[in-house]
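The following exercises ask you to read strands, helices and chain contacts from a model. Attempt each task before you study its solution.

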Protein chains: 2
Amino acid sequence: MRTREIISPGNTAVKEAVRLRRKRNRYERRRFLTEGEDLLAAALAGGYIPRQVFVLEGNVSTTMETIGDASDGMDVLEPDVEVCICSQPVMEKLSELGSGSRVIAVFDFIDRQLAAETEGPLIYLAGVGDPGNAGTIIRSASALGGCGVAFSPDAVDPYSFKCQRAAMGAVFRMPIHLDVTSNEMITHATTRGSAIVSSDPHHGLAVWDSSVEESRLLAGDFLLVLGSERKGVPQKLMEASCLRLRIPQLPEAESLNVAMAGTVILYEALRQRQALP
Amino acid sequence: MRTREIISPGNTAVKEAVRLRRKRNRYERRRFLTEGEDLLAAALAGGYIPRQVFVLEGNVSTTMETIGDASDGMDVLEPDVEVCICSQPVMEKLSELGSGSRVIAVFDFIDRQLAAETEGPLIYLAGVGDPGNAGTIIRSASALGGCGVAFSPDAVDPYSFKCQRAAMGAVFRMPIHLDVTSNEMITHATTRGSAIVSSDPHHGLAVWDSSVEESRLLAGDFLLVLGSERKGVPQKLMEASCLRLRIPQLPEAESLNVAMAGTVILYEALRQRQALP
């Protein structure tokens, strides 16, 4: 760990970090920001070491303790990590939350290639544009046994502040795959031997009825395709699906949002794997 | 319908409406704002007439048509409604979305008293502070057969912009009850003859196992209590509960957020009511 003090919001390192709030700059540098002790601790617990950590002055030891505890005693003070002890104005400049952040960290991108040998449901977000929904799905996938979340090129950026906030650290526990096209997803599912299951609010089979199907696809390593709320699942993936599911709802009701639908299907899959004879 | 034109963002009616963005002012006037055609159409479809409608100039007829269609031909032009045809700067001043809103409406509060003769699960948000989660729960309750959503005095405001955005119009379909204390909730459940069911991520019964219990409480008109993610369900309600439920998750996983947990329980309740023999 190398430490330095930063008092001025005009400092170059601060400006560089602030630039990472914009998607374009994130992808140019292949780095992103996380805000708060919880996310940093989740990252460390997942074995991810930050490049840089900005800590509010007067909070260094308590912050480091909190992080150390949460990351299960892992050594957070690796020699390469630069810890910047910052004034309040600097932290305010860095923060996207607006106020109260005591620690903000810079990480290298953590997305990875799709792998065929994974177990459990893989989720594909085809054009899902809402960062809160995408983050919630990452969190639900982490809780309910998913093996990864893949994003289409036109889906939201999982490194955005809002997505990370909704994912609550799950972004460091759940493998993330970026820029995966429909074709690549279909090829991958075929290679992996996964059934393709799409969410289809209008014409799908009632989710709970999938448990009485002989094949019980949800108990296996399926690919779950979720589309945007406006456009739904792309035609090509719909056609490649061997199962289309809807969450049964009351007539005339507002539909569930995509995060809800995804979570319910993952819950049902876990139920079929764990609770049914 | 009375129409007028407003060109200046400094107009008194605009200032009055902008004040409703603050909770304190909303509760003083007992009025709130909705933004966008979808919400206005949902309100009209639910039989709620706005006090005032601000429409972007040049969009009046298309907006009225969209709303008319979505609200199933209902007459949106009641004599008492004041329609203000506004310049772009006025709409920008009114908008919380930031850009692109073509219609913003002012409504009287729509919350109502708890009623004993309702059917289906009633949801109680005890201290739930996140507007996105609260709104999502309202939406899920509307989709999955809930009969109302009650808010504790320390819970988030359902009339806030973020909560309404997440609820996507369900706030006009689902009865909302405000300022309900734990004691009032327990009394109401007793009067109604509802079982009290609490979400308890750590010690509860696995949700899916509630289907094999002889009593099958979720198939009846239960009260579902959801607590804040930090504090959980208040002690008094936990003690009054005859069933505590957890969503089974993988060990070491991030927990589900409160909206996901609520949605899964409502899904499971609907499954037990509709799909099980």
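**Exercise 1.** Determine which residue of E4(B) stands opposite B:Leu56, and then place E4(B) in its sheet.

*Solution.* Step 1. The residue of E4(B) opposite B:Leu56 is B:Cys86. Strands here are DSSP runs of E with at least two residues, helices are runs of H or I with at least four, and both are numbered from the N terminus. The model is predicted: local features need pLDDT of at least 70 and side-chain atom pairs count only at pLDDT 80 or more, while totals for chains, interfaces and linings use all residues. Residues are numbered from 1 along each chain as its sequence is written, and chains are lettered from A and ligands numbered from 1 in the order in which they are written.

Step 2. E3(B) and E4(B) run parallel and are joined by five bridges. Two strands count as paired if DSSP finds at least two bridges between them.

Step 3. E4, residues 82-86 of chain B, is also joined to E1(B) by five bridges, again in parallel. In this pairing B:Glu5 has B:Ile85 as its bridge partner, and B:Arg4 has B:Cys84.

Step 4. The open sheet of chain B holds five strands in the order E1-E4-E3-E5-E2, with mixed pairing. Strands E1 (2-6) and E2 (31-35) of chain B are at the edges with a single partner strand each, so one side of each has no neighbour in the sheet. From one strand to the next, the twist averages 20°.

**Exercise 2.** State at what angle helix H1 of chain B runs to E1(B).

*Solution.* H1 (residues 12-19) of chain B runs at about 95° to E1(B). The same helix lies across E1, E2, E3 (52-56), E4 and E5 (103-108) of chain B. Such angles run from 0 to 180 degrees between N-to-C directions, and axes are lines fitted to C-alpha atoms, for helices over the stretch in contact.

**Exercise 3.** Explain why helix H3 of chain A is described as largely enclosed.

*Solution.* Step 1. Apply the definition: a residue is buried if 20 or more other C-beta atoms lie within 10 Å of its own, exposed if 12 or fewer do, and partly exposed in between, with C-beta atoms placed from the backbone.

Step 2. In H3(A), the buried residues are A:Glu37, A:Leu39, A:Leu40, A:Ala41, A:Ala42, A:Ala43 and A:Leu44. Because seven of the nine residues of H3 (residues 37-45) of chain A are buried, the helix is largely enclosed by the rest of the structure.

Step 3. Just after H3(A) comes A:Gly47, with a positive phi of about 90°.

**Exercise 4.** Identify the bridge partners of A:Ser198 in E11(A) and in E12(A).

*Solution.* Step 1. In E11(A) the partner is A:Val225; E9(A) and E11 (residues 223-227) of chain A pair in the parallel sense over three bridges.

Step 2. In E12(A) the partner of A:Ser198 is A:Arg244. E9(A) and E12 (residues 243-246) of chain A run parallel and are joined by three bridges.

Step 3. A:Ile196 and A:Ser198 point one way from E9 (residues 196-199) of chain A, A:Val197 and A:Ser199 point the other way, and all are buried.

**Exercise 5.** Describe how chains A and B are related and how their H10 helices pack.

*Solution.* Step 1. A turn of 180° with a shift of 0.0 Å along the axis lays chain B on chain A with an RMSD of 0.0 Å. This is the relation of a two-fold axis. The copies are superposed by least squares on the C-alpha atoms of residues with pLDDT of at least 70 in both.

Step 2. The contact takes 30 residues from chain B and 30 residues from chain A. H10(B) gives seven residues, the largest share of the side of chain B that touches chain A. Two residues are in contact if their C-beta atoms, placed from the backbone, lie within 7 Å.

Step 3. H10 (residues 258-274) of chain A and H10 (residues 258-274) of chain B pack at about 60°, their axes 10 Å apart. They are therefore oblique to each other, given that angles under 35 degrees count as roughly parallel, over 145 as roughly antiparallel, 65 to 115 as roughly perpendicular and the rest as oblique.

Step 4. A:Met260, A:Thr263, A:Val264 and A:Tyr267 of H10(A) meet B:Met260, B:Thr263, B:Val264 and B:Tyr267 of H10(B).
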